[in-house]
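Reader: I am new to this structure and would be grateful for a close look at one part of it. Please take a single buried position as the point of departure and then connect it with what else can be said.

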Amino acid sequence: MRWMRSRLRSARESAALVPVIAGILAALLMAARLLLPVPVGMANNGDAVRVMCQIGANSHSPPWPTAALSFVRFWYPLLRPAAAPPCLHYPTTQVLQMGLTAWVHQHVLGLPGAINMRELIVEYCILAGVVVAVAAWLLAALRPAARILILIMLFLVLSEATFADYAASPFTETAALYGLLVFAIAAVAVAARTRGCRAAYLVAWASAVLAAGAKTETTTLAIPLALFLGSRRFPAGSSGGRPGGRLIPALCVLSLAMTMYWSLSRQPLNDVRANSANELTMTIMPLVSDPGAAAAGLGLPRAFGRYSGTNWWSAHPIEDDPAYPRYAGRFTQADLARYLMRHPGLTARIFASGADPYLTFRNTNLGTYPMGSGYAPRSQECRDCLLMDVSRAMRWTGLPGVLAYWMACLAGAGLLLHRSRRGDRRRGFALVALVLIGCTMIQYVTAVY
């Protein structure tokens, strides 16, 4: 009997080590993927100032001013306020990670400059390791072969170039990616009521706020995230009627609503007008036979139809038209919404037009290698492009392919939901899958409109 107890104890200890080993291995592999043979990230398209200015980093004058889109920049000098334009306090939760990293860089490590983006790569590697370790723990009941296969698939998603390159980028989308990643793994623990589900709920809550507040376009993520967190009863103890059981979820939903308001109300006016103008000239006008009539339908001069196909940053954009200042107040999302409601056929064509960029999967205009690494300007790394390759191979399917993909995901999640019981881990994975599908759909709508 003593021998059997010893063997059982040894087996439990070995099982407990599996998530730790999986996490360490994932972190090391991610470090090799992002740092070797040269580090990779994403070049600055001009939006770096949104975050960098707020953490005291100078992104205005790179050492290669004509190659901002071509090569990644890892080291940023300190910003000298007297010699820099006024700082635009763009509302984004990405400032939290970037600001903390910059503080550690300057005051703990004592390194020169404001920040080194390689430090953000290290943080992503640690995050990937933690996520894989928690996933391995949540999948402990599966057979080893199935468990290993799922973890490999998870790692391939985390290391996919479209996502992983954001680790060393100055863009606000990083907060949304990290927030959804941590939310997903924590929400499974919440729905499955695992050990430590209270802490998991708080982590899921914080991650949801991080994702929704990443940028104006991600605020709509708050809707599916709030539906999940608001419908969960916080485990307040043995008595289900304790106030925390409903109060905490209510506060969670309130905080997400406040995050939406904060992000939308503080959006720079120029961004509001640029987004509306781009929706008109890049989306609506190219899809109608008479762009001038579309402009007139919005109360704008018919002559504005000549800007069809241009954007806010073109050589001769609509904002440079002498008549633009007189009509600037009409470039709002509300005006566009009213126009699209009056033209349901156009609204449907716009919805379908998002399928191609959705399946394209990755921007192609930003370089991912640093200068001097031996790669041509705007070269993009593809150390892991499996998901992108599969997605691009399906571009021929268009909107039917996108809808079929969504339906397949919903069917899979529904089947898992049907085969699970309340409070088990299968139910947790099924519910979180439904939330993430909801996030995908609502972001698609946000992007196209």
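Author: Val51 counts as buried because its relative accessibility is 0%, under the 20% limit that defines the term. The model in which this holds is a predicted one. Val51 belongs to helix 2, which comprises residues 49–52. Leaving aside residues up to four places away in sequence, Val51 touches Thr92, Gln94, Met98, Pro170 and Thr172. One of these partners, Pro170, is 119 residues from Val51 in sequence, yet the two C-alpha atoms are 6.8 Å apart in space.

Close to Val51 in the numbering is a salt bridge between Asp47 and Arg50, whose closest N and O atoms are 4.0 Å apart. Asp47 is partly exposed, as its relative accessibility is 29%, whereas Arg50, at 15%, counts as buried.

After helix 2 the chain enters a loop that leads to strand 1 (75–76), and Asn58 is placed in this loop. Asn58 also counts as buried, because its relative accessibility is 14%. Its contacts, again without residues up to four places away in sequence, are Arg73, Tyr76, Pro77, Leu78 and Leu79.

The pair of Asp47 and Arg50 belongs to a wider set, for the count of salt bridges comes to eight. Another of them joins the side chains of Arg306 and Asp321, with 2.7 Å from N to O. Both residues lie in the loop between helix 12 (291–297) and helix 13 (324–327), so the pair ties together parts that are 15 residues apart in sequence. Arg306 is exposed, with a relative accessible area of 53%, while Asp321 is buried at 6%.

A further salt bridge links Asp335 with Arg338, the closest N and O atoms being 2.5 Å apart. These two residues share helix 14 (residues 333–342), where they stand three residues apart, about one turn of the helix. Asp335 counts as buried at 18% relative accessibility, and Arg338 is partly exposed with a relative accessible area of 46%.

The surface offers a contrast to the buried Val51. There, Arg193, Arg233, Arg246 and Arg422 gather in a patch of positive charge. Arg193, a member of this patch, lies in the loop between helix 7 (173–192) and helix 8 (197–212). Arg193 counts as exposed because its relative accessibility is 52%, over the 50% limit for that term.

Note on methods:
Residues are numbered from 1 along each chain as its sequence is written. This is a predicted model: local features need pLDDT of at least 70, side-chain atom pairs count only at pLDDT 80 or more; totals for chains, interfaces and linings use all residues. Side-chain values use heavy atoms; hydrogens and water are left out. Patches are made of residues with over 30% relative accessible area and no salt bridge: like charges are joined within 9 Å, nonpolar side chains (Val, Leu, Ile, Met, Phe, Trp, Tyr) within 5 Å. Accessible areas come from the Shrake-Rupley method with a 1.4 Å probe; for residues, only the protein chains shown count as cover. Lys and Arg count as positive and Asp and Glu as negative; His and the chain ends are not counted. The place of a charge is taken as NZ of Lys, CZ of Arg, CG of Asp or CD of Glu. Helices (H or I, at least four residues) and strands (E, at least two) are DSSP runs, numbered from the N terminus. Buried means under 20% relative accessible area, exposed over 50%, partly exposed in between (1.4 Å probe, protein chains only). Contact means heavy atoms within 4.5 Å.
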